[in-house]
Structures are given as C-alpha cells and as structure tokens.
Amino acid sequence: MNDKLFSMISLSKKAGKLLNGFDVVKEAVLSQQAHLVIFSADVSERTKKTMLRVIADCGDIEISVKETPLVMRDYAVICGKPTGVLAITDSGFATAIMKLI
C-alpha cells in the first residue's frame, strides 16, 4: 500500500472533500463538483466503463481520472465501506493526489 497516497485520501475525507460510491460520484460528475475520479485497483470493468461513459457524456467539463494501487479494502478503511470509485471535490487535493499516483 502507498502510505502517502492513503494519507492524502484520508485527509481529503476528513476535510469533507471526498465522495465515495458509484451513485454519489456520478452525481458529483454530472453537477460538475468532481475534480478527480479515482478507481481502486480491483474495481470491476463494468463499473469503470460505465463511469468513464458518464464522464465522457459531460462533454466540455474537465475531470481527471486515475486508477490507484489501493484496493476496495483500503478504501473501506478510509470511507467506512468498500467502494471502487471515489471523487475528490477540491482542486488542491486533486492535484496533490494525482502527483502521488
């Protein structure tokens, strides 16, 4: 596990800038709140493909998408439940996390 990445995602959760779960992240993307969408290493291809389609359908908004080496079990420690997709709603946290991936 990447400790710095884990810590930065945890910090964004404590700051209230982390959203987790497919439906919540989808709403953040559609409402243009998400700056970064993160997939776990073990997310299903169907989930990833569907979320990428949602992001592509948004057209001209720019949302970064990354896959982390962390797995859903790691996300469960941060969020309280296993999830395969996260969204960062703060540009500062998004930039810091992208540098660590």
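The protein carries 13 positive and 11 negative side chains, and the centres of these two sets lie 3 Å apart. These values, like the others below, come from a predicted model. Side chains of opposite charge can pair when their charged atoms come close, and in this protein the count comes to one salt bridge.

**The salt bridge**
- The partners are E67 and K48, whose closest N and O atoms are 2.4 Å apart.
- This pair links distant parts of the chain, since E67 belongs to strand β3 (residues 64-67) while K48 belongs to helix α3 (residues 45-57), with their positions 19 residues apart in the numbering.
- E67 has a relative accessibility of 36% and therefore counts as partly exposed, whereas K48, with a relative accessible area of 16%, is buried because it falls under the 20% cut-off.

**Fold and dimensions**
- The protein contains five helices and four strands, and read from the N terminus these elements follow the order α-β-α-β-α-β-α-β-α.
- The radius of gyration is 12 Å, close to the 13 Å that the globule rule gives for 101 residues, so the protein is as compact as a globular protein of that length.
- Measured out along the principal axes, the C-alpha trace spans about 35 × 30 × 20 Å.

**Contacts and surface**
- Among contacts between residues at least 6 apart in sequence, 82% join residues that are at least 24 apart.
- Of the 101 residues, 41% count as buried.
- The protein exposes about 5600 Å², and carbon and sulfur atoms supply 49% of that area.

Methods. Residues numbered from 1 in each chain as written. Predicted model: local features only at pLDDT ≥ 70, side-chain atom pairs only at ≥ 80, totals over all residues. Heavy atoms only, no water. Helix = DSSP H or I, 4+ residues; strand = E, 2+ residues; numbered from the N terminus. Rg over C-alpha atoms; globule rule 2.2 N^0.38 Å. Buried < 20%, exposed > 50% of the residue type's maximum accessible area, 1.4 Å probe, protein only. Contact = heavy atoms within 4.5 Å. Areas by Shrake-Rupley, 256 points an atom, 1.4 Å probe, with all protein chains shown as cover. Lys, Arg positive; Asp, Glu negative; His and termini not counted. Charge placed at Lys NZ, Arg CZ, Asp CG, Glu CD. Salt bridge = Lys/Arg side-chain N within 4 Å of Asp/Glu carboxyl O.
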